[in-house]
Amino acid sequence: MTRTHLSRLLAVAAALVTVGCGEEPRVQDLRTEIAQATDSALAAAKEARGNLAGYVADGRKLAEELGARADRPARAISPNATVLRVIDGDTIEASVRAAQPTPRTLTARVRILGIDTPEVHGRTECAGQAASQALRALLPAGTPIRLEADEGHEPADRYGRQLAYLATENGADIGAAQLRAGLATTLFVGERLDRAALYTAIADEARVQRRGPVHQDCQGDFHRPLTGE
């Protein structure tokens, strides 16, 4: 009920008390006004609920569109690296063409920024093999890729791995693809990433729809050893 509707009802109620029971026609008119004001307030509340439902639906639609766009080929890019091998679901080894301080090619381990996938080295976590196999299918050896750093994040982790977003020649976002397939979760370590909102929307959609082994077989928690994967 809006402030306008409430004020109207209070005014009518006050008039009803002032008139008293001796003026029956006026009392009847005021009762009619109260009924009309009540009906108007209920209609306004119903409309507000409808608007809210619409806003929620629009938000879900936007999240779906963001997720769909994330790993859809969008624009051609200029590769700056070539895949040598996939190490696990979020890490690769690549031949990287560096421009600074002098042009050269080096071999580097690259961790995909913003996502986390199950371990397969040292111990095998739930859905670990599935995530690794999916990345191998996306990035077979020899695939040209582009590494995209995030200016707000450190360029490497404590293990010396380069931290970057990965994209194929046609612009497909590899981190987003792993999230949408239900093979990864988001990982933001105390820093603001440019793609944090996008990746979160994609991951939330996968979780709600229980898409992929991380959300089906692992119930969203893959950090546990698995003996029979």
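Visitor: What makes a stretch a strand here, and where does Ala167 sit?

Guide: Helices (H or I, at least four residues) and strands (E, at least two) are DSSP runs, numbered from the N terminus. Ala167 falls in strand 6. Bear in mind that this is a predicted model, where local features need pLDDT of at least 70, side-chain atom pairs count only at pLDDT 80 or more, and totals for chains, interfaces and linings use all residues. Residues are numbered from 1 along each chain as its sequence is written, and side-chain values use heavy atoms, with hydrogens and water left out.

Visitor: How many helices and strands does the protein chain have?

Guide: The protein chain has six helices and seven strands, and along the sequence they run α-α-β-β-β-β-α-β-β-α-β-α-α.

Visitor: Why is Ala167 called buried?

Guide: Buried means under 20% relative accessible area, exposed over 50%, and partly exposed in between (1.4 Å probe, protein chains only). Ala167 has 6% relative accessibility, so Ala167 counts as buried. Of the 229 residues of the protein chain, 38% get that label.

Visitor: And what does Ala167 touch, leaving aside neighbours within four places in sequence?

Guide: Contact means heavy atoms within 4.5 Å. On that test, Ala167 is in contact with Ile77, Ile145, Arg146, Glu148 and Ala172. For Arg146, the C-alpha to C-alpha distance from Ala167 is 5.2 Å, with their positions 21 residues apart in sequence.

Visitor: Is Gly142 buried, exposed or partly exposed, and what makes it so?

Guide: Gly142 has a relative accessible area of 46%, so Gly142 goes down as partly exposed. Gly142 belongs to the loop between helix 3 and strand 5. Not counting residues up to four places away in sequence, Gly142 touches Thr82 and Val83. The C-alpha atoms of Gly142 and Leu84 are 6.1 Å apart, although 58 residues separate them along the chain.

Visitor: How do you know that Cys126 and Cys218 form a disulfide?

Guide: A disulfide is a pair of cysteine sulfur atoms within 2.5 Å. The sulfur atoms of Cys126 and Cys218 are 2.0 Å apart, so the pair meets the cut-off. The count by this rule is one disulfide. Cys126 lies in the loop between strand 4 (115-116) and helix 3 (128-138) and Cys218 in the segment after helix 6 (213-216), so the disulfide ties together parts 92 residues apart in sequence.

Visitor: Why is that disulfide called left-handed?

Guide: The S-S torsion of Cys126 and Cys218 is about -90 degrees, so the disulfide is left-handed. Cys126 is buried at 3% relative accessibility, and Cys218 is buried with a relative accessible area of 2%.

Visitor: What makes a group of residues a nonpolar core?

Guide: A nonpolar core is a set of buried Ala, Val, Leu, Ile, Met, Phe, Trp, Tyr and Cys residues joined through side-chain atoms within 4.5 Å. The largest one here has 28 residues, and those with the most contacts inside it are Ile92, Leu139, Ile145, Leu147 and Leu166. Strand 1, strand 2 (91-98), strand 3, strand 5 (144-148), strand 6 (162-168), helix 4 (174-180) and helix 5 (196-208) each supply at least two residues of this core. Apart from the largest core lies another of five residues, among them Cys126, Ala127, Val214 and Cys218.

Visitor: Which residues outside its neighbours within four places does Leu166 contact?

Guide: The partners of Leu166 include Ile92, Val110, Leu139, Ile145 and Leu147.
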